Amino acid sequence: MATHRDVVCPFCGLGCDDLAIDEAPGGGLTVTSTDCPIARDAFGRTVSSSMAAEPPRVAGVAATPEEAVRAAVRALADSRAPLVAGLAADVNGIRAALALAERLGAVVDHVHSEGLYRNLSVMQRTGWITTTLAELRNRCDLLVVVGPDPAAFHPRLYERWVLPAPAFQPAVREVVFLGGEPMAETRTLLAGWPVTVVPGDAASLASALEDPAGAESEMGALAERVRGARYAVVAWAAAGFTGSHADLAVERIVHLVTAVNRHTRCAGLPLTGHDNLVGANQVCTWQFGVPLRVSLAGGEPLHDPHRFAWARFAETADVILWVSAFGTAVPAFPPGCGVIVLAPPGTAVAAEPAVWLPVGTPGIDHAAHIFRTDTVVALRAGRLIDRGLPTAASVLRSIAAALQPETAAC
Ligand code: SF4
């Protein structure tokens, strides 16, 4: 039994880099240093999964990698409205996917971009003031968590970034849950800490900040504490917001941060980034000058966050190339379109795709760069085991290399 130490976890935007993982003689991985359910499940999927256990398939029939690549090329070469999406891959995999999409003239999007756009649409409309996880840990003395507890999406948020004593802050850190309840695990973790749960929302706190007369109310008391903070951080996980106008909840949070800055230092911290969502958006932006949800069909990138959301465009796409290198379940697609899936063995698929190409998981089967939720840090995750699986980037490059030059749409 070998033990890997200081392993970088690539599965959510926190990018924890302190995992200890046991490797069984057969190659199966077991996380031993944390109870994080996401990490335990994701690394644990390596048990009994390999290229040999689930080889490539074409129309449900086992095929060689070369045959599967040829089948993918045939489908893509005939496509008139291709979608290259999922984009759950490391930076190299995303770069290869976008290069292929450019040749095909495809629409590109990430599987989790719905949550991203609850934030990005506000940033595009109003701008915002945000900070980093390091600032949260080292400088924040008052953390206001708005809405559902982000620990549901980022299980080690408090353990890694809130419980450690601030390096540049003499005060004890206080945590307030505004308009949401902490999960039971969070309550246990923060037991003994100054934790307050306040009903209401970001807009009512912003109003209370400007109304010292209401100091007797619960919201007025919170406003008083916010005004007295040295460095307040307002955190939220947009993926947890429900409703068709969840971006308006984010907009109220962003306005709250602006309002607090009239009294003391304050910054927002949007928590996101599963399956390298932030990395996909970064690569798209630096390659094409616009964020995700972009069409490359017209010779130059066309960004439209409504039309080119993958779930919407899938209704009109004739071929979908879906990349899910982190093993997130592959969704159901409209009947009639050809689906090519790149994913690790054992990934759940809603329906048998036209072409199935197994690939390795970044940070498990190969070294990889992954962006953290705060967008300023790209972590390098190492390779842990060899299951004989190619990288998503290499498979995507094979497909691109096999396309005839005249297939290029732009
Ligand atoms: S909190 Fe996120 S990055 Fe940290 S171990 Fe869990 S899934 Fe991995």
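**View 1. The shell around the ligand, by residue class.** In this predicted model, the shell around the ligand divides into eight nonpolar residues, one polar residue and one charged residue. Who are they? The residues around the ligand include four cysteines to look for: C9, C12, C16 and C36. L14 and G15 also belong to this group, and so do I38 and A39. P155 and R156 complete the list.

**View 2. Two domains in one chain.** Now let us turn to the way the chain is divided. Domain 1 is made of two stretches, 52-112 and 275-407, while domain 2 covers 116-272. Taken over C-alpha atoms, the centres of the two domains are separated by 35 Å. Where domain 1 and domain 2 are in contact, 13 residues come from domain 1 and twelve from domain 2.

**View 3. The interface of domain 1 and domain 2.** About 940 Å² of area is buried between domain 1 and domain 2, and carbon and sulfur atoms give 64% of that area. How many residue pairs are in polar contact between the two domains? The count is four, with both residues at pLDDT 80 or more. For salt bridges across this interface, the rule finds zero.

**View 4. The side of domain 1 that touches domain 2.** Look for helix 11, residues 277-288. With three residues, helix 11 gives the largest share of the side of domain 1 that touches domain 2. By class, this side of domain 1 has six nonpolar, four polar and three charged residues.

How values were computed:
Residues are numbered from 1 along each chain as its sequence is written. This is a predicted model: local features need pLDDT of at least 70, side-chain atom pairs count only at pLDDT 80 or more; totals for chains, interfaces and linings use all residues. Side-chain values use heavy atoms; hydrogens and water are left out. A residue is near a molecule or strand if one of its heavy atoms lies within 4 Å of it. Ala, Val, Leu, Ile, Met, Phe, Trp, Tyr, Cys and Pro count as nonpolar, Asp, Glu, Lys and Arg as charged, and the others, Gly among them, as polar. Domain bounds come from an automatic or database domain assignment. Contact means heavy atoms within 4.5 Å. Buried area is the accessible area (1.4 Å probe) that two parts lose on being put together, summed over both. A salt bridge is a side-chain nitrogen of Lys or Arg within 4 Å of a carboxyl oxygen of Asp or Glu. A polar contact is a pair of N or O atoms within 3.5 Å; within protein, one must be able to donate a hydrogen and the other to accept it, and residues adjacent in sequence count only if both atoms are side-chain atoms. Helices (H or I, at least four residues) and strands (E, at least two) are DSSP runs, numbered from the N terminus.
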